[in-house]
Amino acid sequence: MFGKLSLSAIPLSQPIPLITSGVVILIVIGVLSLVTIKGWWPYLWREWITSVDHKRIGVMYCLLGVLMLIRGFADAIMMRTQQAMAINAPGYLPPEHYDQIFTAHGTIMILFGAMPLVLGFMNFLVPLQLGVRDVAFPTFNSVGFWLTASGALLVNLSLFIGEFARTGWLPYPPLSEATYTPGVGVDYYLWAVQISGVGTLITGINVVTTVLKMRCRGMSYLRMPVFCWTALASCLLIVAAFPVLTATLAMLTLDRYVGWHYFTNTAGGNPMMFVNLVWAWGHPEVYILVLPAFGIYSEIFSTFSGKPLFGYRSMVVATMFICVVSMMVWLHHFFTMGAGAAVNTFFGISSSIIAVGTGVKIYNWIFTMYGGRVRFETPMLWSMGFIFTFIIGGLTGVLLAVPPADFLTHNSMFLVAHFHNVIIGGVVFAIFAGLEFWFPKAFGFRLHEGWGKAAFWFAFIGFWVTFTPLYVLGLLGMTRRLQHINVPEWRPWLYVSVIGVGILILGVITQVMQLVVSIRDRERLRDVTGDPWDGRSLEWATPSPPPFFNFAVMPNVEGEEAYWGIKLRAVESQQLSPEPQYEPIEMPVNSPVGFYTAFFASVFGFSMIWHIWWLAAVALVAAFAGFVGFAWRDVHEFEVPAEEVARVDRARRAAREALLERLSRQEALP
Amino acid sequence: MSNLESDRDLYAGPLNDLEDHAPGDEPPEEESGHWVRNANLGLGFSIVLTASAFLLAGSHVIYAPAIPVALIVLAIAQMGVHLVFFLHVTTGPDNTNNVLALAFGILVVFLVVGGSIWIMAHLKQNMMPAAQLMQMQQ
Amino acid sequence: MSDIGLPASVEALRRVREDPHRLGHHAHGAREPVTGAGHGATGPAQKRIIVGYGFWIFLLSDIVVFSCFFAAFAVQRGETAGGPSMAEIVDVRRVVFETAALLLSSYTCMLSFASTNARSRLWTEVFLLVTGLLGLVFVLLEVQEFVELAGRGITPQRSGMLTAFFGLVGLHGLHVTAGGLWLATMMAQVLIKGFRREIVHRLICFNLFWHALDIVWIGIFTIVYLMGSIA
């Protein structure tokens with residue numbers, strides 16, 4: 001009746017998961033009670049849960065990502081402290097538990113922390129920067145978000161009920177096959193990642209279609225902001241690479257559930273094929289994360305240097321170059337598996353060549369700053385920290401791309417330090433830079449500058465103190481994922497690394513303080529004009545936060561940096577452009593189909609994990625029924641009357657008059 | 001859902017002749033004759049190519065080791081027939097996005113399939129077979 | 001296409017630009033950017049274009065899934081683990097019927113869309129029904145094949161090669177089945193709601209899907225069955 005599920009699935013004998021589960025359950029109950037008591041459910045349902053507005057969905061993606069980053073960071077703290085304590089000692093985490101922690105850390109950080117944040121940024125910004133009202137398929141967008149949330153839910157459920165995988169974040173067979181891991185851990189991983197992978201693919205399709213088929217008048221390809229180019233490249237990679245992950249995990253699922261032989265080590269299976277296919281996804285995945293990060297930096301460097309981005313066309317070429325070549329380098333993740341000299345040489349060369357694209361971008365950012373009037377506000381600090389950090393991380397990457405060198409450093413702490421260097425320096429710094437930069441646009445008030453700067457410095461210093469020792473340890477011969485260490489010479493490096501973690505904890509606390517203080521002081525920090533940073537692209541033409549229809553009248557773009565042109569013209573002529581003719585606007589209606597689909601996807605995933613077949617069938621039928629029911633609806637859109645549009649826009653124009661006056665009083669814009 | 005939607009001139013339902021369209025979608029003036037003609041031609045060519053492939057497979061008409069190559073050529077040709085006649089993917093400017101997307105997809109398929117075959121063949125040559133590995137454990 | 005009144009050289013230039021090989025027809029699209037076509041300079045595309053293109057991108061992702069299963073088959077086709085090889089399980093006669101059914105169903109699918117463009121509900125439903133029946137024939141033949149093989153003890157659990165075979169062919173069959181369910185839903189929607197805008201959009205998507213499945217089948221019958229039968 002309940003498949004493999006029984007009371008023994010609750011980790012009563014393991015204190016850490018038990019206490020954590022208890023605390024989390026209490027927090028969840030507390031939040032749900034608060035919302036119920038305050039009567040916020042109708043608002044939440046109407047404005048957020050059933051919303052198909054790309055801005056709301058983007059914010060929810062980012063919120064999910066930030067929460068998951070914190071959970072992943074907690075796992076990291078446990079790992080670093082265990083290694084510092086387990087030098088010829090047992091430490092405090094038994095191997096079965098430690099293995100789950102490093103697996104969860106990788107899975108959560110990449111797939112449920114960084115991916116949702118990057119998807120959230122793309123969702124929020126692309127329509128605004130392209131001057132349109134929403135993405136190509138708004139309701140589908142909601143489905144995509146809720147499916148990602150469903151995957152995150154399943155991963156977190158494994159803490160309370162059952163266990164997580166112990167295989168590392170990519171579940172290599174034969175260990176991940178049913179013969180060697182009969183428990184539910186790998187199944188939790190498989191269903192969570194499959195379900196959220198569908199969600200990610202949906203965003204990929206949405207953004208590609210939006211960028212290629214939905215831009216406002218006058219915005220040709222070479223007038224798009226660079227962030228939109230990087231979003232396009234990243235989503236093309238999503239469309240190209242995520243299906244490979246779907247297929248590979250499906251094959252492993254078939255092996256585990258019905259005894260097939262794709263990757264078994266008996267009866268003709270080939271475990272190395274899993275490694276090959278999963279990295280054919282895995283390498284594009286990191287470029288999926290880093291390309292939008294590069295786009296964020298492009299926006300920030302030009303805005304905070306007061307100059308157009310240097311070398312726009314070379315940026316575009318470099319972006320598409322990286323997009324294509326990133327699909328030709330994946331073997332560098334398994335040079336040591338034995339493919340031989342010819343194959344290793346090809347992929348070693350391609351992995352070195354791909355650095356050229358990033359090199360072009362870095363030079364362009366530096367030349368953007370040169371000759372500009374640089375303002376060192378928080379987003380710019382994160383960006384400059386990125387330049388320093390990422391260059392070094394990238395250099396270690398090119399070192400690893402040389403197969404003979406990789407034979408010594410593969411799966412050592414040197415590798416671990418390298419990929420954290422580029423992911424944290426590249427993606428995480430970009431996320432914080434972007435959060436600081438676009439927070440006023442999304443929520444209508446600025447973040448406290450002082451706390452923001454402090455958070456940056458803690459993160460930057462903390463990162464280097466944590467990970468430099470890991471480079472040294474790698475060269476001293478320490479392998480990754482060790483629960484027990486029997487080389488006392490490594491002790492000082494492990495201790496320094498834990499000090500670094502302490503600094504990072506201060507960084508997290510400072511970041512949270514920034515949020516708390518800013519919310520408390522939000523009236524004082526209110527963004528009244530919609531353009532707090534003297535921005536250059538179209539999202540800064542809207543009020544903060546933008547109305548649900550984004551633009552009262554879609555802009556007519558006449559050059560690069562659309563909004564900068566509008567501002568210059570207004571300052572020169574000392575007046576705003578004339579009030580436009582307001583038309584009624586059609587917007588899509590909200591829909592619960594996303595939440596409904598994800599609910600049954602979660603039930604389906606959970607029942608498949610625990611082999612509760614009847615419940616899985618019920619969930620599948622219910623999901624299909626919901627889909628058909630949704631397809632049968634008659635009303636897709638509602639009309640916003642012209643008077644309402646006019647009212648909102650006139651308020652915006654009044655704020656812009658004030659901004660214009662302030663700009664005219666300053667010295668002439670460049 | 002732009003405010004173009006409320007512009008009656010622009011939104012006329014069936015496709016205008018001058019616009020981009022998806023593969024397999026056609027401007028309406030073309031469909032009388034043109035559409036059905038495409039379908040008939042496509043079916044005709046496909047039948048010829050399919051029959052050739054089936055007949056070739058078991059026969060001795062050509063040099064035996066060349067048969068797999070010939071089958072693949074026939075398959076690619078038939079895929080092309082489907083793309084051109086059934087899906088109407090052309091080289092016109094109304095189809096540029098479709099062609100580019102298709103080219104990208106073909107590149108990815110080639111990289112994944114070709115790359116995997118190349119890599120796995122080398123691994124098979126260099127590494128001990130799984131059955132032998134398992135025997136060593138016993 | 002001649003424009004009387006212009007000098008001959010201008011006329012010649014225009015003809016060269018529009019019809020350089022004198023084939024008597026020109027590309028469907030205009031050279032000038034057209035409003036609502038999504039050419040960038042003129043604003044967002046119409047919904048019909050957006051929906052069709054989005055589905056085309058989804059189809060490409062589906063093709064990549066199939067390519068992974070093809071790759072697995074290519075890598076494992078020799079791993080018979082002492083069990084039967086491809087040549088022993090291929091039944092070319094049945095594959096001929098499956099191929100014929102699917103190809104004809106692609107043809108009738110096109111005709112149904114032509115009927116949709118002509119706004120004829122009757123012929124749309126008729127051709128959709130024929131398409132669905134031919135698809136059903138295909139699926140039943142494949143089920144029969146799998147059942148027969150299982151009766152001989154030839155199951156995917158036997159070897160890596162059989163896993164890859166059943167996986168690839170089964171995935172395609174699953175897609176055809178899902179397409180059949182979709183077809184039934186579309187027939188009901190056309191019957192009840194007629195040719196509303198979003199119904200036509202979904203029919204465009206269904207067409208793309210069905211033709212793509214036939215394209216994948218070309219790959220399967222060539223690489224799996226025909227090449228398997230001669231190895």
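**Exercise 1. Identify the partner of Asp634(A) in a salt bridge, and place this pair within the interface of chain A and chain C.**

*Solution.* Step 1: Asp634(A) forms a salt bridge with Lys193(C), their closest N and O atoms lying 2.9 Å apart. A salt bridge is a side-chain nitrogen of Lys or Arg within 4 Å of a carboxyl oxygen of Asp or Glu.

Step 2: The interface of chain A and chain C holds 3 salt bridges. It also has 14 residue pairs in polar contact, both residues at pLDDT 80 or more. A polar contact is a pair of N or O atoms within 3.5 Å; within protein, one must be able to donate a hydrogen and the other to accept it, and residues adjacent in sequence count only if both atoms are side-chain atoms.

The model is predicted: local features need pLDDT of at least 70, side-chain atom pairs count only at pLDDT 80 or more, and totals for chains, interfaces and linings use all residues. Residues are numbered from 1 along each chain as its sequence is written, chains are lettered from A and ligands numbered from 1 in the order written, and side-chain values use heavy atoms, without hydrogens and water.

**Exercise 2. State how many residues of chain A are in contact with chain C, and which residues of chain A lose the most area.**

*Solution.* Step 1: With contact meaning heavy atoms within 4.5 Å, 41 residues of chain A touch 46 residues of chain C.

Step 2: The two chains bury about 3500 Å² between them, 68% of it on carbon and sulfur atoms. Buried area is the accessible area (1.4 Å probe) that two parts lose on being put together, summed over both.

Step 3: Lys213(A), Tyr262(A) and Trp632(A) lose the most area to chain C, together 19% of what the chain A side buries.

**Exercise 3. Describe the interface of domain 2 and domain 3 of chain A.**

*Solution.* Step 1: An automatic or database domain assignment supplies the bounds: domain 2 of chain A covers 287-526, and domain 3 covers 556-591 + 635-670. Their centres, taken over C-alpha atoms, are 36 Å apart.

Step 2: In this interface, 6 residues of domain 2 of chain A are in contact with 4 residues of domain 3 of chain A. About 340 Å² is buried between these domains, 41% of it on carbon and sulfur atoms. Gly306(A), Tyr312(A) and Arg373(A) supply 67% of the area that domain 2 buries against domain 3, more than any other three residues.

Step 3: Between these two domains the count is 0 salt bridges.
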